[in-house]
Amino acid sequence: MSGHGEAQPMKARKSGPLRGVAEVPGDKSISHRSLIFGAMAVGETRISGLLEGQDVLDTAKAMRAFGATVTRHGEGAWTVNGVGVGGFREPADVIDCGNSGTGVRLIMGTMATTPITATFTGDASLRKRPMGRVTDPLALFGAQAYGRQGGRLPMTLVGAANPVPVRYALPVASAQVKSAVLLAGLNAPGETVVIEREPTRDHSERMLLGFGAKLSVEKTSEGHVITLTGQPELRPQVVAVPRDPSSAAFPVCAALIVEGSDILVPGVSQNLTRNGLYLTLVEMGAEIEFQNPREEGGEPVADLRVRFSGNMKGIEVPPERAPSMIDEYPVLSVVAAFATGKTVMRGVKELRVKESDRIDAMARGLEACGVRIEEDEDTLIVHGMGPGGVPGGATCATHIDHRIAMSFLVCGLAAKQPVSVDDASPIATSFPVFEGLMQGLGAMIQRSNRA
Ligand code: S3P
């Protein structure tokens with residue numbers, strides 16, 4: 001799985017109306033953080049609704065390797081007995097973070113200010129991704145990184161014995177980098193400051209406050225200035241992980257493009273740093289009702305009633321919205337293909353350094369499905385073909401990328417001819433129940449024989 005195992009081809013064909021309730025799994029970002037922050041607290045953190053996707057399981061394994069006791073008690077129910085800030089022990093073996101950029105970058109931050117050494121690796125996708133964006137700021141604390149050319153994994157990180165606090169302005173809008181710096185700052189004396197020009201997902205800030213860290217966020221002309229006081233004692237928490245809006249995106253987008261659909265997706269986060277896709281879909285003319293708004297697990301959530309929307313129009317997605325929907329552009333580009341007119345997505349070059357180059361993967365796959373695409377380094381433009389208008393009939397390469405696999409399977413549910421993916425196995429990294437959940441709504445998704 002996730003690039004380590006055998007490929008699992010899968011095919012989606014034009015389906016009848018999708019109906020029913022889609023209960024998507026726990027949020028991936030919050031799940032990783034629950035385990036990592038739990039490992040840095042003193043005492044027992046109890047977690048419910050943890051995403052049991054491979055990415056998160058790899059983080060659980062890593063936390064054990066650093067000395068925390070991580071136990072599964074039942075579906076989504078886990079405890080973490082932490083070792084305290086600065087209490088990580090040196091792992092006896094290489095830490096394999098599988099497919100997960102979030103896992104490896106946050107864990108590197110966590111150990112960077114403890115005097116231990118660890119070597120990190122991952123699957124073929126993760127080994128291609130840039131780590132300099134985290135090791136550069138971690139070096140300011142006094143950590144040293146020895147990786148492959150271009151700052152790639154495998155990489156050995158030597159934690160700082162005498163860390164100093166850091167003031168760091170993020171050069172890229174990245175919650176992973178922000179979080180890595182904050183986590184490193186936890187075990188540095190004094191105040192660590194992170195400045196972000198564009199707000200990115202704020203789960204680390206919210207959760208660190210919950211775990212008892214001293215942290216403040218000030219909105220200034222420079223952007224958000226986040227100040228963290230180092231060396232707190234973190235208190236264990238009871239964490240109820242809300243459902244993942246990035247996973248909810250797949251059944252939601254499928255219902256929007258499959259004629260006659262009417263589904264309910266309960267408990268979807270409306271956190272303003274995560275809801276850009278939903279704003280965009282509504283602007284395009286999607287019929288989504290946000291029912292029963294409330295708080296769950298410290299996050300604002302709503303139940304989404306989603307109906308087939310035959311009148312969606314292409315729009316220009318505001319580039320400043322990108323951080324709040326960064327993982328949703330692949331599936332948005334599928335919806336755009338079934339809308340009328342063109343959808344312009346600018347300011348999206350970060351997509352090129354995700355689990356795959358997502359601009360390239362979507363452009364090539366959609367073109368193979370008969371959709372006209374324009375792209376440059378920082379832009380993706382999809383020329384919509386209207387409801388039911390996408391020819392399909394292609395096999396798309398997923399490049400060890402769960403979201404590319406799910407996006408093309410959604411495309412196949414409404415295209416004229418079936419759409420296949422060469423490898424659906426990476427879906428298990430973030431949405432292990434995707435196949436059954438979608439079939440339960442009436443989606444015609446099937447495994448094909450392995451090549
Ligand atoms: C994540 C941050 C985002 C996102 C990833 C999860 C996180 O990455 O793409 O899926 O949990 O912090 P970047 O920080 O690189 O944008």
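**Notebook: where two domains meet**

I began at the interface, where domain 1 and domain 2 bury about 2000 Å² between them, with 49% of that on carbon and sulfur atoms. A reminder to myself: this is a predicted model.

Next I looked up how the protein chain is divided. Domain 1 covers 10-26 + 242-447, and domain 2 covers 28-229. I took the centres of domain 1 and domain 2 over C-alpha atoms and found 29 Å separating them.

Then I turned to the contacts. On the domain 1 side I found 24 residues in contact with 26 residues of domain 2.

How many salt bridges are there between domain 1 and domain 2? I noted three. I also looked at the salt bridge of Glu 350 with Arg 133, where the closest N and O atoms are 2.9 Å apart. For polar contacts across the interface of domain 1 and domain 2, I wrote down 15 residue pairs, both residues at pLDDT 80 or more.

Which elements each supply at least two residues of the side of domain 1 that touches domain 2? I noted β17 (299-307) and α11 (402-412). Sorting that side of domain 1 by class, I got nine nonpolar, eight charged and seven polar residues.

My last stop was Ser 247, which I found in helix α7 (residues 245-257). Is Ser 247 buried or exposed? I entered Ser 247 as buried, because its relative accessibility is 1% and the cut-off for buried is under 20%. Setting aside neighbours within four places in sequence, I found Ser 247 in contact with Val 24, Ser 430 and Phe 431.

Conventions:
Residues are numbered from 1 along each chain as its sequence is written. This is a predicted model: local features need pLDDT of at least 70, side-chain atom pairs count only at pLDDT 80 or more; totals for chains, interfaces and linings use all residues. Side-chain values use heavy atoms; hydrogens and water are left out. Domain bounds come from an automatic or database domain assignment. Contact means heavy atoms within 4.5 Å. Buried area is the accessible area (1.4 Å probe) that two parts lose on being put together, summed over both. A salt bridge is a side-chain nitrogen of Lys or Arg within 4 Å of a carboxyl oxygen of Asp or Glu. A polar contact is a pair of N or O atoms within 3.5 Å; within protein, one must be able to donate a hydrogen and the other to accept it, and residues adjacent in sequence count only if both atoms are side-chain atoms. Helices (H or I, at least four residues) and strands (E, at least two) are DSSP runs, numbered from the N terminus. Ala, Val, Leu, Ile, Met, Phe, Trp, Tyr, Cys and Pro count as nonpolar, Asp, Glu, Lys and Arg as charged, and the others, Gly among them, as polar. Buried means under 20% relative accessible area, exposed over 50%, partly exposed in between (1.4 Å probe, protein chains only).
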